[in-house]
Amino acid sequence: MASVSLPPFVGGAASTSGAGYCAATEAWDVAELYCRICGINQTVSASQLYFGIPGSHWFSVREQYCETSNLGFDDHRLSSEIPLPFDVDVRPILTLQAKTAMGPSGLANAISNFASDYFANYLESATLFCRNDWNEASCQMLGNMDQCVLQFYDTSSTACSLYAQIYQTRPVSKESKVFNRRIGMPWLYYSEIPSQIALVVPNVTVNLSNPPKTGILNFVLAAYSAAGEFLGYQYLKNQFSFCTNSDISDTPWLAVGHNYRVTCKINIANVVNSTLDTIFYDPFLLDDNGKYIPVPVRILNLAQNQYGYDFNYAGDVFTRRFFLIDNISGVSKGKLQVLRVPTSISFSIMKTIENTGQIYLPIMDIMYAERVVNGYIDPADTSVYASPSFEFSMSYGMTMEAFWSSMQVMFSLSTAGLLTAAIYRTLRWSKRNTAPGENMDMQIVGQSVINICGCAGATYFWYLTTICSYWLFFYKGQSTLYLLIPTKKADVYIFTCVLITATVFQTAYIIFKVYIQCKSNIFFFDWEKSRGKLSHSSTATQQSKDDPNGPENAPVSVWRTIFMANQWHSLQTVRKVSIEFQLVWMYFILEGMGIMYAATAQPNIRNLVRAPRSPILTFAVDALVWIGLAGLQLVFRYLIYDRFYRDRLLQYADLLSIANVSLIVFDEKRHGYYIHGRSVHHAADTNFAVLNKNLRQEEDDMVPTRGLDHTDQQVFEIFVTPEMRAMYDKIYGIVAASDPFTQMKNANLRLNGAAAKQISRKMKSADDAAVKAHLTVTKFLCNFIDKNFKEFQYTTRDKTFMEKILGATPDVYHGSVFLNDPRSFGHAMLRGIEPGILICYALIFVCADIAFDSVPAAALVIYVIDATLVFVRTHFGERNLSIKTLLDWKFLI
């Protein structure tokens, strides 16, 4: 912004003639900021004034002002022989109605009435000298008595009536360049409509491209003493630094577009014991041409201003003058009885709608509280009464109607898209789980709700990521001010509602998917054949006598199946993205490198100074870092780890083939996964030398291929016919109908150390019916895979484009369908829902970061949730595997 010099100015701008002062017959009007001719009984006088900021150098200027012929308080002027020209009795005005801002409604409520020395000593004389002699100091004093810090702009008060009557007798200034004001009277009220005042566009061009990539707003305060004396002008710097250990004095809030907020405590005892004077201020904004633009003040204690938040000006009362500490009006009989202090000071600035780089006139909001201090107050008392909270803030905003209209369209389209996807998923589920004539209405409704949750959680996450990233990049990257982030409570409320909705929906979806995985139907069947007859035993001899078919076949070892079940158990919680790695680097980048402060509400992305963060920008920063780290891990796993080190899913499929054990998993009634583990060798249950020989033969291509139908295809996503699944359930009804959550009577004992000591170390055996069912299902599945059933045929093929992209369900009218997909069985593990888990964790991380304003706390929350998820999936998955494979859980390590 252009450099400017301080007043006195002519017409609000620097004078271009002489030394820049008013003519010899004129005086400088500090309220109107122009040179005027003095009134009756007045002469032009001059004095030296000072301006600057407390604690620093004050600059001096020569002020010319109007002076009455008699500045003393003559006794005869107070005599009853000279009546006042008003129908008001001044002498009884000896009491001050004390107010408090701590009432239930947040407005000023009367707490006491007492004799005020300030009113008793000065009201009459100030009224007389202001009315009769046009004495400016007396008019200023009368205005101070009237203005809100002393009477809360109570129009029914006597002082207010006196001021109003005198104000109406003064002529309207014809030379005022700002607003129509009365000559010689302090400017306290705005007569204009508040919305018109708020839409004034000062000549302030905001350019963010100059170093340090930010513009600065220059606020100036015209200071007056309680006696009405003009003290000079001050740049607004650290006058609001009431609190210790606050950084208001650093003035980062003067940077354009820099939303700022700081809170602290005001120690009432220190204020009472201090030597601070009651100073009254009129705020101004310096524009590019050096003109003074009056800044409206909105006292939030007033009943008319109780809704005066979020740039809503309807019905508000704008004033000009405010104070910081009032320790004079509460003095009675020479002793301070009531002290007034501010509890909040804020500036609200709106960007213009039409033009970039311009703002509307700033609005200053201030709220006061008061304390009765006629007794001792302990300086160490930190209660709300002895140490009230103080908040200072600078808020920038802009009209969001057009933006939110566009976002509503985008939100509607997103919602329509997710509902379409949910309907498609429900139809796909219905095709896989229902048959003609089955009544599953409630199940379909429940599945529809779950599908809506899953689609809504993911869709709203990407919706929020897109919008918040837009605000982050365009707000932080602008060179001329044209975009401001949402600051209105209504806008932030919309964001919060969408965020919470997405988080709840995604969390519910993940919980349901984990539940489904923990009750899926898992079955291992062994292709190994018996290698002979039992002999040389009493059992065999007796059986040979009783059985005409001769001795019993030698049993096949079950340890290969137990080993493969253990390996499956260890794979259930394996994922591509390491949450520990993710959280450590999230903490390092956000907290250690300070990237979290890129979410501060200021338009300089290189400014990483610690400051309050915007929730919208916090979502963008956290989500982008989360997505970036997860993406890096996925790329590393895909390009390097799985290709050049090991792919655990393919490795498990190879291991099943070596063990001569196949695996079938049903996660839905007629949908699941099949791993063909039939060995190409004569036997898998052998010693190490034979095993090594078999592996060498495979390496040299001296054996047939492992897959089905003379191919290398071992892993399939399967869609079976209703008849096949009905036969499977009929044969294995005892096992298939088992519910893992109703057969855990002793499972919870494992969670408590004292009860664990009472658990027997003996392993539990399965009942004979279940064992027979297991052997029957093994024979059935072996014959089914070998296509020995004419009525249960299947075909194998690769997936079509639609089946790969949309997961379409093929038609099983002519038989079951096996679709080749080498890693498809990972969907039966946590790895299959990992994208949904990452989205869920990202949403919870952002919520925790916003709620606790702490990246470490958010990381800890995610770590605890992930540990809980892994424990639940491992524990209940183990119980389900134990039941469905007829193995005691102690076999699963």
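Biologist: How many helices and strands does the secondary structure of the chain come to?

Modeller: This is a predicted model. The chain has 893 residues, and 51% of them are buried. Its secondary structure comes to 22 helices and 24 strands.

Biologist: Among contacts between residues at least 6 apart in sequence, what share joins residues at least 24 apart?

Modeller: A contact here means heavy atoms within 4.5 Å. Take the pairs at least 6 apart in sequence; the share that joins residues at least 24 apart is 72%.

Biologist: Where in the chain is confidence lowest, and where is it highest?

Modeller: The chain averages a pLDDT of 76, and 72% of the residues score at least 70. Two stretches stay under 50: residues 1–21 and residues 736–757. Where pLDDT is low, the predicted coordinates should not be read in detail. By element, the lowest mean is 37, in strand E5 (residues 95–100), and the highest is 96, in helix H21 (residues 834–852).

Biologist: How many contacts beyond four places in sequence does the model have for residues 1–21?

Modeller: For residues 736–757, with pLDDT under 50, the model has 30 such contacts. Residues 1–21 also stay under 50, and their count is 48.

Biologist: What span does helix H7 reach from its first C-alpha to its last?

Modeller: H7 covers residues 401–433, which is 33 residues. At 1.5 Å a residue, 48 Å is expected. The model comes close to that, at 47 Å.

Biologist: Which elements cover the buried residues of H7?

Modeller: The buried residues of H7 include Phe403, Trp404, Met407, Leu418 and Trp429. Polar ones are listed too, among them Ser414, Thr426 and Asn433. Their cover includes helices H8 (441–477) and H9 (489–517), and strands E20 (661–668), E21 (671–675) and E22 (715–719).

Biologist: What is the relative accessible area of leucine 639?

Modeller: Leucine 639 is found in helix H13 (residues 615–645). It joins Val635, Phe636, Tyr638, Ile640 and Phe644 in a nonpolar surface patch of about 650 Å². Residues in such a patch need over 30% relative accessible area. Leucine 639 is partly exposed, at 40%.

Biologist: Is aspartate 701 buried or exposed?

Modeller: Aspartate 701 lies in the loop between helix H15 (688–699) and E22. Its phi is positive, about 55°, although it is not a glycine. The cut-off for exposed is over 50%. Aspartate 701 has a relative accessible area of 68%, so it counts as exposed.

Biologist: What is the relative accessibility of aspartate 709?

Modeller: Aspartate 709 is found in the loop between H15 and E22. It has a positive phi of about 55° and is not a glycine. It counts as partly exposed, at 36%.

Definitions and conventions: Residues numbered from 1 in each chain as written. Predicted model: local features only at pLDDT ≥ 70, side-chain atom pairs only at ≥ 80, totals over all residues. Heavy atoms only, no water. Helix = DSSP H or I, 4+ residues; strand = E, 2+ residues; numbered from the N terminus. Expected span 1.5 Å × (residues − 1). Buried < 20%, exposed > 50% of the residue type's maximum accessible area, 1.4 Å probe, protein only. Patch = residues over 30% accessible without salt bridge, like charges linked within 9 Å, V, L, I, M, F, W, Y side chains within 5 Å. Areas by Shrake-Rupley, 256 points an atom, 1.4 Å probe, with all protein chains shown as cover. Salt bridge = Lys/Arg side-chain N within 4 Å of Asp/Glu carboxyl O. pLDDT = per-residue confidence, 0-100.
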